[in-house]
Amino acid sequence: MSILAFYPLVSVYSNLNGAVLYAYGKTRIFLILTLFLTPLSIIVTYLLISNGSLGFNLGAAGLSIKSIFFEFITVIWILFLNTRFLKIN
């Protein structure tokens with residue numbers, strides 16, 4: 001639970017950045033982002049949760065780490081694209 005305490009903070013930035021993209025009709029970015037990150041997310045989920053020879057056997061903690069990490073990567077990527085699109089530093 002302590003790992004997921006960071007999720008609302010990251011989620012707020014995600015919602016704000018997403019609203020900018022939706023307002024300007026740049027929704028194709030979400031498609032590209034999803035096509036790239038979803039297969040990678042499935043692989044990382046298996047590696048973190050699984051107790052097989054390749055897994056780290058982290059269970060729920062592994063899933064929460066994966067969720068926070070991928071949400072953070074998504075927010076950073078969309079924030080970068082928004083700053084370029086809006087021409088701000």
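Asn82 is buried, with a relative accessible area of 4%. The residue lies in helix 3. Leaving aside residues up to four places away in sequence, Asn82 touches Asn17, Val20 and Leu21. Asn17, Val20 and Leu21 belong to the face of helix 1 that meets helix 3. The model described here is predicted.

The protein chain holds 3 helices and 0 strands. From the N terminus on, the order of elements is α-α-α. Helix 1 covers residues 7-23. Helix 2 spans residues 28-49, and helix 3 spans residues 60-86. Along the principal axes, the C-alpha atoms fill a box of roughly 45 × 25 × 20 Å. Of the 89 residues in the protein chain, 26% are buried. Contacts between residues at least 6 apart in sequence were also examined, and 62% of these join residues at least 24 apart.

Helix 1 packs against helix 3 at an angle of about 35°. Their axes lie 9 Å apart. The crossing is left-handed. On the helix 1 side, the contact is made by Tyr7, Val10, Ser11, Tyr13, Ser14, Asn17, Val20 and Leu21. On the helix 3 side, the residues are Ser67, Ile68, Glu71, Phe72, Val75, Ile78, Leu79, Asn82 and Leu86. By class, this contact of helix 1 with helix 3 has 11 nonpolar, 5 polar and 1 charged residues. Glu counts as charged, and Glu71 is among the helix 3 residues of the contact. The buried Asn82 is also part of this contact.

Helix 2 meets helix 3 as well. The two axes come within 10 Å and cross at roughly 160°. Angles over 145 degrees count as roughly antiparallel, and helix 2 and helix 3 are therefore roughly antiparallel to each other. Their crossing is right-handed. Helix 2 contributes Ile29, Phe30, Leu33, Phe36, Leu37, Leu40, Ser41, Val44, Thr45, Leu48 and Ile49. Helix 3 contributes Gly62, Leu63, Lys66, Phe70, Thr74, Trp77, Ile78 and Leu81. The residues of this contact divide into 14 nonpolar, 4 polar and 1 charged. Ile78 appears in the contact of helix 3 with helix 2 and in the contact with helix 1.

Aromatic rings were examined next. A pair of aromatic rings is described by the distance of the centres and the angle of the planes. A search of the whole structure finds 4 aromatic pairs. One of them joins Phe36 and Trp77, with 6.0 Å from centre to centre and 90° between the planes. This pair is edge-to-face. The pair links distant parts of the chain, with Phe36 in helix 2 and Trp77 in helix 3, 41 residues apart. Phe36 and Trp77 also belong to the contact of helix 2 with helix 3. Phe36 counts as exposed, at 51% relative accessibility. The cut-off for exposed is over 50%. Trp77 is partly exposed, with a relative accessible area of 30%.

Phe69 and Phe70 form an aromatic pair too. Their ring centres are 5.5 Å apart and their planes stand at 85°, so this pair is edge-to-face. Phe69 counts as partly exposed, at 47% relative accessibility. Phe70, in contrast, counts as buried at 9%. Phe70 is one of the helix 3 residues that meet helix 2.

Key: Residues are numbered from 1 along each chain as its sequence is written. This is a predicted model: local features need pLDDT of at least 70, side-chain atom pairs count only at pLDDT 80 or more; totals for chains, interfaces and linings use all residues. Side-chain values use heavy atoms; hydrogens and water are left out. Rings of Phe, Tyr and Trp (its six-membered ring) pair if their centres lie within 6.5 Å; planes under 30 degrees apart count as stacked, over 60 as edge-to-face and the rest as tilted. Helices (H or I, at least four residues) and strands (E, at least two) are DSSP runs, numbered from the N terminus. Buried means under 20% relative accessible area, exposed over 50%, partly exposed in between (1.4 Å probe, protein chains only). Axes are lines fitted to C-alpha atoms, for helices over the stretch in contact, and angles run from 0 to 180 degrees between N-to-C directions. Angles under 35 degrees count as roughly parallel, over 145 as roughly antiparallel, 65 to 115 as roughly perpendicular and the rest as oblique. A crossing is left-handed if the near helix is turned anticlockwise from the far one by less than a right angle, and right-handed if clockwise. Contact means heavy atoms within 4.5 Å.
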